[in-house]
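Student: I would like a close look at one enclosed space inside this protein, the second of its cavities by size, and then at how the packing around the rest of the chain is built up. Please take it slowly and keep it connected.

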Amino acid sequence: MALNAVWVAFILIGFVVALVRLAGGDTAIFGQVLAGLFDTAKTGFDISLGLVGVMCLWLGLMKVGERAGMVELFGRAIDPLFRRLFPGIPRGHPAGGSIVMNVSANMLGLDNAATPLGLKAMRELQELNPHKDVASDPMIMFLVLNTAGITLIPTSVIAIRQTIAIEQGLSGFNAADIFLPTLMGTFISFMAGLVAVAWVQRIRLLQAPIVVFVGGFVALMGLLYAALSGLPPQRMGEVIGLLGSGVIVAVIALFVAVASWRRVNAYEAFVEGAKDGFGVAVTIIPYLIAILVAISIFRTTGCMDVLIGGIAKAVSWAGLDTDFVPALPVGLMKTLSGSGARGLMVDVMKTYGVDSFQGRLAAIIQGSTETTFYVLAVYFGSVDIRKTRYALPCGLFADAVGVVGAIAIGYAFYR
């Protein structure tokens with residue numbers, strides 16, 4: 001419903017503004033709007049089609065990782081951490097394993113696997129819930145960590161950036177240069193959500209597994225940033241790109257090596273997973289075109305410029321730099337819709353350039369925040385939870401902190 005309201009508002013407000021401009025003598029406005037609609041519809045299709053190969057590649061490799069048992073192994077590694085975060089789940093209960101597997105799949109970019117695992121975990125948590133229409137504490141912790149979870153590899157964002165870079169004629173472009181900033185952004189969002197829920201539920205965070213995880217992650221990110229902070233922005237981007245692409249290729253090699261060692265038919269597993277790639281890419285076409293045409297009307301009639309200009313004036317009045325403002329709508333939309341935010345991200349990249357500061361920042365925001373309303377609706381709806389208690393405020397708090405953190409990280413790395 002929220003996305004529908006935004007979509008309708010973009011179109012109707014744009015139409016009214018176009019009528020006002022026509023009354024003011026701008027006779028070309030409706031021709032410009034129509035041309036923009038056709039152009040953006042083609043853009044949405046081209047981008048989605050360009051994702052087919054990349055999605056086939058990635059989903060195929062992820063299937064190899066699943067068959068090799070790497071997702072399960074990763075889940076075991078973080079199990080001690082999650083036992084402390086979910087004290088209401090009895091040890092050995094199936095819900096604990098499903099939660100770990102869901103979070104593991106999300107961290108590795110296995111969206112298709114993560115959602116079924118998440119729904120399974122929610123059903124198992126419902127078995128432990130004494131009040132079937134009210135969200136329990138473990139449910140809320142699970143939901144907020146889902147909406148603010150760490151993403152190790154922002155696959156779809158990297159794929160879209162690479163596709164747009166080709167369209168813009170950028171040779172040698174490394175779409176993975178946002179890897180480290182996005183990872184840091186997701187960690188900030190994750191910690192904000194964790195602290196918010198732990199404060200409400202009175203969970204003690206100063207426990208060894210939690211401290212080791214947080215401390216280790218912060219130390220690693222701090223060392224990486226210290227090593228890179230002295231470099232010029234262009235050189236820093238090159239090094240981050242090398243690091244990101246190197247990590248991704250290393251993960252791929254690890255999956256294939258372990259699969260081979262365990263005598264898994266890696267080729268067949270890859271083909272099976274790759275078959276889903278076309279379907280995934282095609283599925284987003286109507287969603288992407290829908291939001292892009294609404295944005296096109298809003299932008300062509302000048303409404304987007306007024307909105308961004310208003311935010312820019314407020315930011316400038318506060319004495320802050322305004323270069324981040326064009327990417328800010330991506331973060332605002334992301335809480336409502338992943339496809340809507342994806343469309344806004346594409347619009348920023350097409351307008352300012354995929355290699356611009358605004359384009360990079362939009363990608364970081366898209367990769368480090370989550371669709372809070374969608375996740376809560378799907379997961380809670382699957383078990384008929386009607387009273388969500390403090391799940392939404394905590395999720396939105398994590399989103400807000402994540403957006404601010406992503407902007408700060410963008411400036412730290414690219415300015």
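Tutor: A cavity here is a set of grid points where a 1.4 Å probe fits but cannot get out, and its volume is the space filled by probe spheres set on those points. The model is a predicted one, and by this rule it holds 2 cavities of 30 Å³ or more. The second largest cavity encloses about 60 Å³ of space.

Its lining is made up of R299, M304, I308, P326, P329, V330, L344, D347, V348 and Y352. Three elements each give two or more residues to that lining, namely α12 (303–317), α13 (328–334) and α14 (338–352). Of the contributors, α14 gives the most, with 4 residues. Sorted by class, the lining has 8 nonpolar and 2 charged residues, and no polar ones.

To set this space in its wider context, the chain has 17 helices and 0 strands, and buried residues make up 51% of its 415 residues. Among contacts in the chain with a separation of 6 or more, 80% come from residues 24 or more positions apart.

The packing can then be followed through the nonpolar cores. The largest of them has 94 residues, and the members that touch the most other members are F82, F86, I99, F142 and F380. Helix α8 (residues 179–201) supplies the largest share of this core, with 11 residues. A second core, separate from it, has 11 residues, including W58, M62, F255 and V258. Returning to F142, and leaving aside neighbours within four places in sequence, this residue is in contact with F86, I99, N102, G118, A121, M122, L125 and Y379.

Helix α8 is also the place of T186. With a relative accessible area of 0%, T186 is buried, and when residues up to four places away in sequence are not counted, T186 touches A148, G149, I150, T151, G367 and S368.

The aromatic residues give one further view of the packing. A pair of aromatic rings is described by the distance of the centres and the angle of the planes. By the rule used here, the count comes to 8 aromatic pairs. In one of them, the ring centres of F213 and F217 are 6.3 Å apart and the planes stand at 40 degrees, so the pair is tilted, since that class lies between the stacked limit of under 30 degrees and the edge-to-face limit of over 60. Both residues lie in helix α9 (residues 208–228), 4 residues apart, which is about one turn of the helix. Their burial can be stated separately: F213, at 23% relative accessibility, counts as partly exposed, whereas F217, with a relative accessible area of 12%, is buried, the cut-off for buried being under 20%. F187, F190, F213 and F217 together form one aromatic cluster.

Another pair is formed by F413 and Y414, whose ring centres are 6.4 Å apart and whose planes stand at 50 degrees, so this pair is tilted. F413 counts as buried at 1% relative accessibility, and Y414 counts as buried at 9%.

To come back to the request, the second largest cavity, with about 60 Å³ of space, has a lining to which α14 gives the most residues.

Definitions and conventions:
Residues are numbered from 1 along each chain as its sequence is written. This is a predicted model: local features need pLDDT of at least 70, side-chain atom pairs count only at pLDDT 80 or more; totals for chains, interfaces and linings use all residues. Side-chain values use heavy atoms; hydrogens and water are left out. A nonpolar core is a set of buried Ala, Val, Leu, Ile, Met, Phe, Trp, Tyr and Cys residues joined through side-chain atoms within 4.5 Å. Buried means under 20% relative accessible area, exposed over 50%, partly exposed in between (1.4 Å probe, protein chains only). Contact means heavy atoms within 4.5 Å. On a 1 Å grid over the protein atoms alone, a cavity is a set of points where a 1.4 Å probe fits but cannot get out, and a pocket is an open set with protein on both sides within 12 Å along at least five of seven lines; lining residues have an atom within 4 Å of a point. Ala, Val, Leu, Ile, Met, Phe, Trp, Tyr, Cys and Pro count as nonpolar, Asp, Glu, Lys and Arg as charged, and the others, Gly among them, as polar. Rings of Phe, Tyr and Trp (its six-membered ring) pair if their centres lie within 6.5 Å; planes under 30 degrees apart count as stacked, over 60 as edge-to-face and the rest as tilted.
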